[in-house]
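Work through the exercises below with the sequence and the structure at hand, and try each task before reading its solution.

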Amino acid sequence: GKQFVRTYRTLRTQRIGYKKGSAENAMLKLALNGVYGASGDKFSIQDAYYPGMSFTIRAKEVISLELTGPNWPVPLGLTVGADGALVRQKLGRPSMDGTTGTAQSLSYCERENCVAFLVDAGTGRISRVSWSFYYD
């Protein structure tokens, strides 16, 4: 949105301030040209961020999706902020279960796709929902 355009303009202005051929100019050129990317290239990775959501695209396929805000719908009502006990009630025993810092991670994997729920130990609420998708 507007913040992106402001940031892009700032980087462009900074690039113009450096001598062509300098390391700074080259680095800023890469950053600015990365916006256009090679979206169809199988090695091209693009990240997108929205308030409470981020995702990564490779070769026009979403390879990961992460929700950290409550305004994004999740199947079975397992949204960020929901009671963490609902995860096991609705999905059963996780494929992987562990703790990371002050949160419990519950992962449910099917073939090569996984969804992980991070449940805050203090509040007992879902704090993050992450999907990983693997393609050939």
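Helices and strands are DSSP runs, a helix having at least four residues and a strand at least two, and they are numbered from the N terminus. The model used here is a predicted one.

**Exercise 1.** Find the place of S22, decide whether S22 is buried or exposed, and name the backbone oxygen that the side chain of S22 reaches.

*Solution.* Begin with the position: S22 sits in the loop between α1 (2-16) and α2 (23-33). Next, take the relative accessibility of S22, which is 17%; because buried means under 20%, S22 counts as buried. Finally, follow the side chain of S22, which reaches the backbone oxygen of K19 at a distance of 2.8 Å.

**Exercise 2.** Locate the disulfide and determine its handedness.

*Solution.* A search of the whole structure gives one disulfide, and the residues that it joins are C109 and C114, with an S to S distance of 2.1 Å. This pair satisfies the cut-off, since a disulfide requires cysteine sulfur atoms within 2.5 Å. The torsion about the S-S bond of C109 and C114 is about 110 degrees, so the disulfide is right-handed. As a last step, consider C109, whose relative accessibility of 29% makes this residue partly exposed.

**Exercise 3.** Describe the phi of L76 and the surroundings of that residue.

*Solution.* Start from the general rule that most residues other than glycine have a negative phi. L76, which is not glycine, has a positive phi near 65 degrees. L76 belongs to the loop between β3 (61-67) and α3 (85-91), and with a relative accessible area of 48% L76 is partly exposed.

Terms used: Residues numbered from 1 in each chain as written. Predicted model: local features only at pLDDT ≥ 70, side-chain atom pairs only at ≥ 80, totals over all residues. Heavy atoms only, no water. Buried < 20%, exposed > 50% of the residue type's maximum accessible area, 1.4 Å probe, protein only. Polar contact = N/O pair within 3.5 Å; in protein donor to acceptor, adjacent residues only side chain to side chain.
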